[in-house]
Amino acid sequence: MTETNHAAAPRKTVYIAISSDIIHSGHMNVIEEGAKYGDVIIGLLTDEAIATYKRMPILDYETRRKIFENLKPVSRVVKQETLSYAENLRKLRPDYVVHGDDWKLGIQSMVRAEVLKILKEYGGELIEVPYTKGVSGEELDARLRPVLNTPDVRRAKLRKMLRLKPYVRVMEASNGLSGLIVENVKVEDEKNMSVKEYDAMWVSSLCDSTFKGKPDIELVDLTSRINTINEIMEVTTKPIILDGDTGGRIEHFVYNVKTLERLGVSAVIIEDKTGLKQNSLFGTDAVQTLDDPYDFAKKIHAGKQAQVTRDFMIIARLESLIAGAGIEDAIRRAKIYVGAGADGIMIHSKEKDGAEIREFLRRFREFSPEIPVVLVPTSYNQFYEDQLHEMGANIIIHANHLLRSAYPAMLKTAKKILECGRSKEVDAEIMPIKEVLTLIPEEK
């Protein structure tokens, strides 16, 4: 009798995408369920992909890859470069995609719809595993908040974001409440299948002074500014960039750098002007006296020598365009400040067409392609953030918009109560008191 050899049928393949760096029983349940259907391929989202829709991972991609490669049910790990599965599914053509059944709402529902469409193209199947009760990624993240809020972790976030994100989106925060808004507000970007949020907070000298009822002339001292920073830090986790005005005397600046670094502030931006501070948006309508660039460079250098960690950033703010000194002066100063050790350059302008900003960035990038550039597009806000990034911006600050929206709303309410002789008429325009009482969650 002749023995016939039959080739073994190829094993089925199972694709499971994972972004979390906290592996819990819910993830293991999905992986183990997937292993029943075939060889498990983990599509591990890169750090850059995760940063587009949730907090940055604590563990980097390579560390996470090693963890998943050593899980018994996993046959291999591949990179997933975006929240979308499309590229990997068309390349690998897995027989099954396995996911928890908790992705039918929000931004994940769009990802799910795309997965179903691609599986249909080649006959793949989606298997949804019932959600593991009692385990919540959001709750675990909440428990991690104290860890994420330590000075060392927080201080390092800005540099990490600059590595992972095309650009860093920053909003003004001037107290604990506005800090909570910047921390938590999110909008879904259906076009790019991502969630948009602010990456960092700008503690503005103008806004801090104005909320205290003081003029913006460096009247509010650093002790008071630090109180504001502490208020914000106590209830938030995102990196803070401080508006440091001129930085003061060199002898004082070195101590201030140490203080801010110790608190967990990620960066301070100081401007190259002297004398009584005048807000830059006054331009040449006010006296704008530029500092000697070499004296200012000494301040930058002294600050860099004073800091203890590599994480803290000192960013030089160029006021040449504000003072009417022109692009040549700005470029000359930029070269001097970068040479002195500045970690970034902020270029400011009050011109509405953005032409001089575009030209400065073109010239600056010719000799400094890597140094981060900060823009504050208050005057030229017709440009989208993506357009500013294409020009060469790495950090984009919306510097005073919560203040400017809060004051008109409060003024309108105060006037209407006076006019009506009672407060009933403003009820429709303000938060119910019950919502105010529950606005700030109690610590559990």
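Here are a few notes on this chain, which is a predicted model.

1. Overall build. The chain has 444 residues, and 49% of them are buried. Its secondary structure adds up to 17 helices and 17 strands. If you want a box for the C-alpha atoms, roughly 105 × 65 × 40 Å along the principal axes will hold them.

2. Contacts along the sequence. Take the contacts between residues at least 6 apart in sequence: 74% of those join residues at least 24 apart.

3. The largest nonpolar core. This one has 48 residues, and the members touching the most others are Tyr-337, Ile-345, Ile-347, Phe-360 and Leu-375. Helix H13, residues 326-339, gives the largest share of this core, with six residues. As background, nonpolar side chains in soluble globular proteins tend to be buried together.

4. Phe-360 up close. What does Phe-360 contact once its neighbours within four places in sequence are set aside? The list is Leu-318, Ile-327, Ala-330, Ile-331, Ala-334, Ile-345 and Ile-347. Ile-345 and Ile-347 also appear among the core members that touch the most others.

5. Another core. There is a second, separate core of 24 residues, and Ile-41, Tyr-53, Val-78 and Val-195 are among its members.

6. Surface and charge. About 23,200 Å² of the chain is exposed, with carbon and sulfur atoms supplying 53% of that area. On the charge side, there are 63 positive and 67 negative charges, and their mean positions lie 1 Å apart.

Terms used:
Residues numbered from 1 in each chain as written. Predicted model: local features only at pLDDT ≥ 70, side-chain atom pairs only at ≥ 80, totals over all residues. Heavy atoms only, no water. Core = buried A, V, L, I, M, F, W, Y, C linked by side-chain atoms within 4.5 Å. Buried < 20%, exposed > 50% of the residue type's maximum accessible area, 1.4 Å probe, protein only. Helix = DSSP H or I, 4+ residues; strand = E, 2+ residues; numbered from the N terminus. Contact = heavy atoms within 4.5 Å. Areas by Shrake-Rupley, 256 points an atom, 1.4 Å probe, with all protein chains shown as cover. Lys, Arg positive; Asp, Glu negative; His and termini not counted. Charge placed at Lys NZ, Arg CZ, Asp CG, Glu CD.
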